[in-house]
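Please open the model in your viewer and keep the selection tool at hand. The tour goes from one selection to the next and says what is found at each stop.

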Amino acid sequence: MGRFVWVGVLGLFILASLAFTVLGTPDRLAKRFPVILSIGTLDGLQFMKTAQYMTEGAPFAQPGQDPASVPPLSVDLKYDYDAITWLNKNVKGAQVMAELPLGYYREYGMRAASGTGLSMVVGGLHQDEQRYGWLVADRVKDMNDFFTTQDAQLALTLISKYDIDYIYLGQLEQAKAGPGIRKFQQLTDPKVHVLDKVFESQGSLGIKGTIIYKVVQQPGREVGTLVGAPAQNSGIPGISITPLPTASPTPMPAPPVDDPDLKALIAAAAQNPSNRDARQKLIDWYRAHGYPVEAARELETVVAQDPHNVPAWHQLGDAYQDAGQPDKALKAWENARDVEPNLPSVHNKLGSAYTDRKRYDDAINEYKLAVEKDPGFVESYFHMGEVYQLRGDKANAIAAYQNVIDKAKPGDGWIVEARKKLAQLK
């Protein structure tokens with residue numbers, strides 16, 4: 001009897017341990033991937049054909065950029081699936097691949113190396129726990145620099161240093177590279193011919209696909225000779241690359257201080273700082289003549305005087321956006337929503353801002369709030385359909401466009417646009 005009891009208790013523990021497999025796995029997938037995954041395959045890469053996910057934006061901050069200001073990144077894994085399939089079919093042997101050293105669990109970095117077995121220069125997970133930190137830190141820094149630098153000579157040096165054979169540029173790597181992406185194209189120039197573009201998956205609707213470059217092995221030129229200016233004194237023959245011009249932001253123009261109309265508007269606003277009409281006329285002049293920085297300064301005064309002024313918050317966000325300050329713009333539009341959360345137009349505008357920043361889940365949530373407040377606000381249904389299309393969710397996109405047709409008033413222009421979209425999808 002004791003043995004039966006013991007076996008029974010053990011069986012209960014075993015059954016309890018299986019609860020995670022039965023319940024936890026589907027729950028985790030549902031939270032991680034908005035598109036339902038197919039069931040019935042032992043191919044561990046099949047999920048990539050439909051899977052999309054959001055990862056934190058901070059790892060993709062550019063040098064000197066505040067990581068907290070970087071929006072989340074939306075990743076569509078079907079482009080990686082195509083690239084990994086190509087690598088498995090076409091690349092044989094012990095080849096070294098440059099891939100961004102990014103964490104595996106949340107960001108799903110190292111996906112090409114893990115899907116092919118090809119060697120990375122350095123991984124992005126636990127390497128500094130399994131080895132002395134100083135053995136790993138230099139490689140991690142070098143590979144982050146490899147993607148972000150705009151200096152083709154430095155890229156050449158790192159290709160030589162680590163005997164890199166292939167360069168993998170998925171959505172994560174391209175986001176990290178930013179303006180540094182241009183150097184790879186420069187190295188394909190026939191005069192230099194260090195790289196060949198051997199694979200490119202075509203993105204859609206503004207989504208970037210995956211690019212793979214192969215380091216060219218010309219007769220008499222080994223990888224180790226692909227060094228440029230940083231190694232000129234090493235005695236190794238190198239390649240001279242004309243540096244790419246460093247992009248510098250164009251300064252905003254200053255308004256003409258001697259313009260009589262502007263001087264009169266400034267004087268009127270200064271004479272009575274609480275006169276909204278006078279200040280609004282000054283703001284309108286700045287915006288009409290292309291001086292968003294000055295318009296934003298005046299609008300900051302308006303919202304400070306009246307924090308519940310929703311149109312002013314919207315104008316302030318627009319001015320920040322025109323002035324090249326997207327983080328401040330988004331915050332202003334969010335403030336407008338928080339001031340008047342029952343107004344569908346504020347949710348709609350914020351949804352568009354989130355869409356531009358590829359924060360698709362946040363955008364859909366705002367559009368849903370807009371039509372919740374007013375089911376007849378069909379513009380939000382239309383934009384919701386566009387976001388679903390960007391995410392590859394055809395069924396929900398069709399449903400959103402159909403809501404436009406069903407809920408719009410006869411003659412509404414959004415009906416025509418929705419029918420065009422439905423025709424494309426069907």
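Begin by selecting Asp261, Leu262, Leu265, Ile266, Ala268 and Ala269 in helix 10, which meet Ala278, Arg279, Lys281, Leu282, Trp285 and Tyr286 in helix 11, where contact means heavy atoms within 4.5 Å. By class, this contact has 9 nonpolar, no polar and 3 charged residues (Ala, Val, Leu, Ile, Met, Phe, Trp, Tyr, Cys and Pro count as nonpolar, Asp, Glu, Lys and Arg as charged, and the others, Gly among them, as polar).

Keep in mind that this is a predicted model, in which local features need pLDDT of at least 70 and side-chain atom pairs count only at pLDDT 80 or more, while totals for chains, interfaces and linings use all residues. Residues are numbered from 1 along each chain as its sequence is written, and side-chain values use heavy atoms, with hydrogens and water left out.

Now show the whole of helix 10 (residues 260-271) and helix 11 (residues 276-288), which pack at an angle of about 150° with their axes 8 Å apart; axes are lines fitted to C-alpha atoms, for helices over the stretch in contact, and angles run from 0 to 180 degrees between N-to-C directions. Helices are DSSP runs of H or I with at least four residues, numbered from the N terminus.

Next add helix 12 (residues 292-305), whose axis comes within 8 Å of that of helix 11 and crosses it at roughly 155°. Helix 11 and helix 12 are therefore roughly antiparallel to each other, a term for angles over 145 degrees. By class, their contact has 6 nonpolar, 2 polar and 6 charged residues.

How values were computed: Helix = DSSP H or I, 4+ residues; strand = E, 2+ residues; numbered from the N terminus. Parallel < 35°, antiparallel > 145°, perpendicular 65-115°, else oblique.
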